[in-house]
Amino acid sequence: SQANFEEDSQKPPAVGHWKTLMPSKGSNEEPETGCQDAGGVDETQSTEQLNVSRLRSSSVEIREKGSEFLKEELHKAQKELKLKDKECERLSKVREQLEQELEELTASLFEEAHKMVREANTKQAASEKQLKEARGKIDMLQAEVTALKTLVITSTPSSPNRELHPQLQSPSKAVFRKGHGRNKSTSSAMVSAASQNLTPEPVSPECREVDSILFAEFQAWKESPTLDKSCSFLDRIYREDVGPCLDFTKQELSELVRVAVEQNTLTIEPIASQALPVVKVSAEECGGPKKCALSGLPRTCRHRIMLGDSGNYYYISPSCRARITAVCNFFTYIRYIQQGLVRQDVELMYWEVMRLRREMSLAKLGFYPTEM
């Protein structure tokens, strides 16, 4: 429409070009002037209309282009907003995930820290307990070594030590020795010998003869000393002496006593010098000052035993104490031999072992000194 309008505007206007063919009579030039004026006004109006139309078309075109541009910008802005919304949503998820991981990491760190603290406390308590036990064992071993050295040093050909040479003792003294007290399965016979000054007394010699089978078994064990009872030497002693000596009426408690003696964790103490503990098991199992826990018989009990670190005490009669002590003395001596603390001739060691076996046999038969 605009192009047609422009073509029409380029054509010469038809208005205002009047051509007089024949002037009438009596007329003058005024009418021609009036026509010319009318044509000029019409031409001006047409130009103004053309300009207005052009302005209108330009404004419409500008409006359309502006509308299209704004629509494109709006579309771009909407796309950017959608992308930003997606990015915000992704960042929000990442933030939530990081916060959750941070919480889990913090909780795991606190849990690990508490676990490390608990383990450290447990290890510290165990170390303190082991240190205490080690110090007790060190003190015990030092006392045993001192007693053993005293026994070895005080024995000379001119003045033999009767503890190391039982054949020089009288039959009654060879069987029982005074001053026997025991703590943690330590033989107090050697400690008491170190604290006493024994003077040689004339005694009648004792006849004895080495059994070749027993001596051969002891020699074989002496070459490689061990506490494993599967060897022939200890197997025989377990069957003939240790087993019968620790065979009490209360079978279950007897087995616990045997294990404690083998592991060197048995404690014997007099009742009078200790305060009565809180009994953790039934009184029937522990016995009492007037009832033996091992035999179950009414007996006057002056000692009690504790098995390891259980904290449970069991009252025992003098006869049961003599049987347990005899077995403990045997195990103490063979431990000395295993540790290399006994430096004697093999035959002297053999006879000391036989003497300890005799003590176990007599204790099993019910013989015990009045000091028990």
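# A briefing on salt bridges, a sheet and its helices

The count of salt bridges in this structure comes to 14. Keep in mind as you look around that this is a predicted model. Besides those charged pairs, there is an open sheet of three strands to explore, and a pair of helices, H5 and H6, that pack at an angle of about 125 degrees. Let's take these topics in turn.

**The sheet**

- Strands of a sheet pair through backbone hydrogen bonds, and the pairing can be parallel or antiparallel.
- Here the strands follow the order E1-E2-E3, and their pairing is antiparallel.
- E1 (266-270) and E3 (313-316) are the edge strands; each has a single partner strand, so one side of each is left without a neighbour in the sheet.
- On average, neighbouring strands of this sheet are turned by 30 degrees against each other, ignoring direction.
- To follow one pairing, find strand E2 (residues 303-307), which is joined to E3 by four bridges in the antiparallel sense.
- His303 is a good place to look, with Ile316 in E3 as its bridge partner.

**Helices on the sheet**

- Helix H7 (residues 251-262) packs on the sheet and touches E1, E2 and E3.
- The direction of H7 makes about 75 degrees with that of E2.
- Helix H9 (residues 318-338) also lies across E1, E2 and E3, and H9 runs at about 135 degrees to E1.

**Where H5 meets H6**

- Two packed helices are described by the angle between their axes and by the distance between those axes.
- For helix H5 (residues 212-223) and helix H6 (residues 232-245), the angle is about 125 degrees and the axes are 8 Å apart.
- That angle makes H5 oblique to H6.
- On the H5 side, the contact involves Ile213, Leu214, Glu217, Phe218 and Trp221.
- On the H6 side, Ser232, Phe233, Leu234 and Arg236 take part.
- Sorted by class, the contact of H5 with H6 has six nonpolar residues, one polar residue and two charged residues.

**Salt bridges within one helix**

- Side chains of opposite charge can pair when their charged atoms come close.
- Glu87 and Arg90 form a salt bridge in which the closest N and O atoms are 2.4 Å apart.
- These two residues, Glu87 and Arg90, are three residues apart in helix H2 (residues 30-153), so about one helical turn separates them.
- Glu87 counts as partly exposed because its relative accessibility is 35%, and Arg90 is partly exposed too, at 43%.
- In helix H6, Asp235 forms a salt bridge with Arg239, with 3.1 Å between the closest N and O atoms.
- Asp235 and Arg239 are four residues apart, which means they are separated by about one helical turn.
- Asp235 has a relative accessibility of 29%, so this residue counts as partly exposed.

**A salt bridge between helices, and a network**

- The side chains of Glu240 and Arg357 also meet in a salt bridge, at 2.5 Å from N to O.
- Glu240 lies in helix H6 and Arg357 in helix H10 (residues 346-364), so the pair ties together parts that are 117 residues apart in sequence.
- Is each partner buried or partly exposed? Glu240 is partly exposed, with a relative accessible area of 38%, whereas Arg357 counts as buried because its relative accessibility is 9%.
- Glu240 and Arg357 belong to a network of linked salt bridges that also includes Glu217, Arg236 and Asp241.
- You may recognise Glu217 and Arg236 from the meeting of H5 and H6.

Technical notes: Residues numbered from 1 in each chain as written. Predicted model: local features only at pLDDT ≥ 70, side-chain atom pairs only at ≥ 80, totals over all residues. Heavy atoms only, no water. Pairing = 2+ DSSP bridges. Axes fitted to C-alpha atoms, helices over the stretch in contact; angles between N-to-C directions. Contact = heavy atoms within 4.5 Å. Parallel < 35°, antiparallel > 145°, perpendicular 65-115°, else oblique. Nonpolar A, V, L, I, M, F, W, Y, C, P; charged D, E, K, R; others polar. Salt bridge = Lys/Arg side-chain N within 4 Å of Asp/Glu carboxyl O. Buried < 20%, exposed > 50% of the residue type's maximum accessible area, 1.4 Å probe, protein only.
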